[in-house]
Amino acid sequence: MDPRSQVLLRNIELFKGNVVLAGLPADALLGELPEAQGWSWHAGEHTLLNQRFDQRCTFSTTLSSVDYSAGILFLPKSRELTEYLLQELAAKVASGVIFLVGEKRAGVERAAKQMAAFGRISKVDSARHCQLWRCQVTDKPVIPELNALSKPFTVEAAGHQLQIHTVPGVFSHGRLDLGTRLLLECLDDLPHGHYLDFGCGAGVVGSFLLKCYPQFELSMLDVDAFAIHSTELTLAANGLKATSVVGDGIHAAPKQLAGIISNPPFHQGVHTQYETTETMLREAALHLQPGGELRIVANSFLKYPPLIEQHLGSCTVLAERDGFKVYRAVRT
Ligand SMILES: C[S@@+](CC[C@H](N)C(=O)[O-])C[C@H]1O[C@@H](n2cnc3c(N)ncnc32)[C@H](O)[C@@H]1O
């Protein structure tokens, strides 16, 4: 069981009623708290939890308005997302009791200070390298408006201009990533067809692709509800149309693609995670039509070319700058 869940279970007497567990890991915790509900924005964890606990977890960017007896936030990575989620809980949990649990190295003490903006805080427990904090809300905030928290920015490349919307928690919040910028410079001479922006984040890559090739069909896939929300804002702001796909990994992607374009993930929370991208590289051929292309950008130190060559075909470097490389391979 996740150490944060273990800390909650050490204090189980505090969580007897219909508490809401925001950002909970996909472990056995819901089984120990029979009246609790889960609230997840990670498609993979959401699916696992609902399979195991019969639809007791919702997938959303906002908290549904139920009279919860307490709200518990599992600390996310981003400070801005923490701020938004604490506000949601402080504004909507009827009892005014909210908890925060997180690893010390993930910055739980700093996040507890953010929570202090809503009322009196106290540390409940410290164990398993984690801390559990409680807040009695006395200064109820207004319900936050997610779209108003977007940090928009403009991208100019190849004579096109795009407005990008990034809500809290989404990759490269408020600024264009250097790797993504390099990938945008390497999208020439693509054959016509259906493309996938894998791990679309705020939708920069896919939206730029549609600007360059308005006749392309495009699917934009991400595991994170906040990323999909941002992508939809970005598409609307630029008058573009694509299919957004919520899913965990390449399995959720369509088949017979003309291309997969991606700045794929390699970080998750405070832990490094390569599995999603390695699986995508191993299985890309199953989703590409013959002659279909893979173009990805990655940190130069990541050893992706052997994997690409083993599962797809000869891998060439299209560009290299700022510690990133853009790779291209074609399904034979
Ligand atoms: C490096 S970011 C790139 C975002 C965007 N394409 C860009 O270039 O700005 C990687 C993205 O992959 C998403 N991601 C992580 N794990 C995933 C998974 N298992 N399935 C689909 N997307 C995932 C993350 O949510 C994140 O938005």
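**Close-up 1. What surrounds the buried residues of helix α3 in this predicted model.** The cover over the buried residues of α3 includes α2 (29-32), β2 (37-40), β3 (57-59) and β12. Helix α3 itself spans residues 43-52, and its buried residues are Ala43, Gly44, His46, Leu49 and Asn50. If you are wondering how such positions can line up, it helps to recall that an α-helix has 3.6 residues a turn, so residues three or four places apart point the same way. Follow the chain just past the end of α3 and you will meet Asp54, whose phi is positive at about 40 degrees.

**Close-up 2. The open sheet that runs from β3 to β6.** Here seven strands line up as β3-β2-β1-β4-β5-β7-β6, with mixed pairing. At the edges sit β3 and β6 (119-127), each of which pairs on one side only. From one strand to the next, the twist averages 20 degrees. For a look at the β3 edge, start with β2 and β3: these two strands run parallel and are joined by three bridges. Within this pair, Trp39 has Thr58 in β3 as its bridge partner. Helix α3 packs on this sheet, where it touches β2 and β3, and its direction makes about 150 degrees with that of β3. Helix α4 (residues 79-92) packs on the sheet too, touching β1 (20-22), β2, β4 (71-74), β5 (97-103) and β7 (130-137). The direction of α4 makes about 170 degrees with that of β4.

**Close-up 3. The β8-β9 hairpin.** Strands β8 (residues 153-157) and β9 (residues 160-164) run antiparallel and are joined by five bridges. Phe153 is a handy place to begin, as it stands opposite Ile164 in β9. Two residues lie between the strands of this hairpin, and Ala158 in the turn has a positive phi of about 50 degrees.

**Close-up 4. Ser172, in the loop that follows β9.** Ser172 is found in the loop between β9 and α6 (178-184). Is this serine buried or exposed? Its relative accessible area is 8%, so Ser172 counts as buried. A polar atom of the Ser172 side chain lies 3.1 Å from the backbone oxygen of Arg175. Leaving out residues up to four places away in sequence, Ser172 touches Phe153, Thr166 and Asp177. Phe153 takes us back to the hairpin, where this residue faces Ile164.

**Close-up 5. The open sheet that runs from β12 to β17.** This second view of a sheet shows seven strands in the order β12-β11-β10-β13-β16-β18-β17, again open and with mixed pairing. Its edge strands are β12 (243-246) and β17 (316-321), and each of them pairs on one side only. On average, neighbouring strands here are turned by 15 degrees against each other, direction ignored. Strands β10 (residues 194-198) and β11 (residues 217-222) run parallel, joined by five bridges. One residue to pick out is His194, whose bridge partner in β11 is Glu217. Helix α7 (residues 204-212) lies across β10, β11 and β13, and runs at about 175 degrees to β11. Helix α9 (residues 275-287) also packs on the sheet, touching β10, β13 and β16 (288-299), and its direction makes about 160 degrees with that of β16.

**Close-up 6. Ala258 in strand β13.** Ala258 belongs to β13, which covers residues 257-262. With a relative accessibility of 2%, Ala258 counts as buried. Which residues are in contact with Ala258, leaving aside neighbours within four places in sequence? They are Pro191, His192, Gly193, His194, Tyr195, Leu288, Gln289, Gly292 and Glu293. Gly291 makes a nice distance check: Ala258 and Gly291 are 33 residues apart in sequence, but their C-alpha atoms are 7.4 Å apart in space.

**Close-up 7. The ligand and the residues around it.** The ligand is surrounded by 18 residues, and the closest are Thr180, Gly199, Asp222, Asp248 and Gly249. Three polar pairs are worth a look. A polar backbone atom of Gly199 lies 2.8 Å from a nitrogen atom of the ligand. For Asp248, a polar side-chain atom is 2.7 Å from a ligand nitrogen atom. Thr276 also places a polar side-chain atom 3.4 Å from a nitrogen atom of the ligand. On its own the ligand has 590 Å² of accessible area, and the protein covers 91% of it.

Technical notes: Residues are numbered from 1 along each chain as its sequence is written. This is a predicted model: local features need pLDDT of at least 70, side-chain atom pairs count only at pLDDT 80 or more; totals for chains, interfaces and linings use all residues. Side-chain values use heavy atoms; hydrogens and water are left out. Helices (H or I, at least four residues) and strands (E, at least two) are DSSP runs, numbered from the N terminus. Buried means under 20% relative accessible area, exposed over 50%, partly exposed in between (1.4 Å probe, protein chains only). Contact means heavy atoms within 4.5 Å. Two strands pair if DSSP finds at least two bridges between them. Axes are lines fitted to C-alpha atoms, for helices over the stretch in contact, and angles run from 0 to 180 degrees between N-to-C directions. A residue is near a molecule or strand if one of its heavy atoms lies within 4 Å of it. A polar contact is a pair of N or O atoms within 3.5 Å; within protein, one must be able to donate a hydrogen and the other to accept it, and residues adjacent in sequence count only if both atoms are side-chain atoms. Accessible areas come from the Shrake-Rupley method with a 1.4 Å probe; for residues, only the protein chains shown count as cover.
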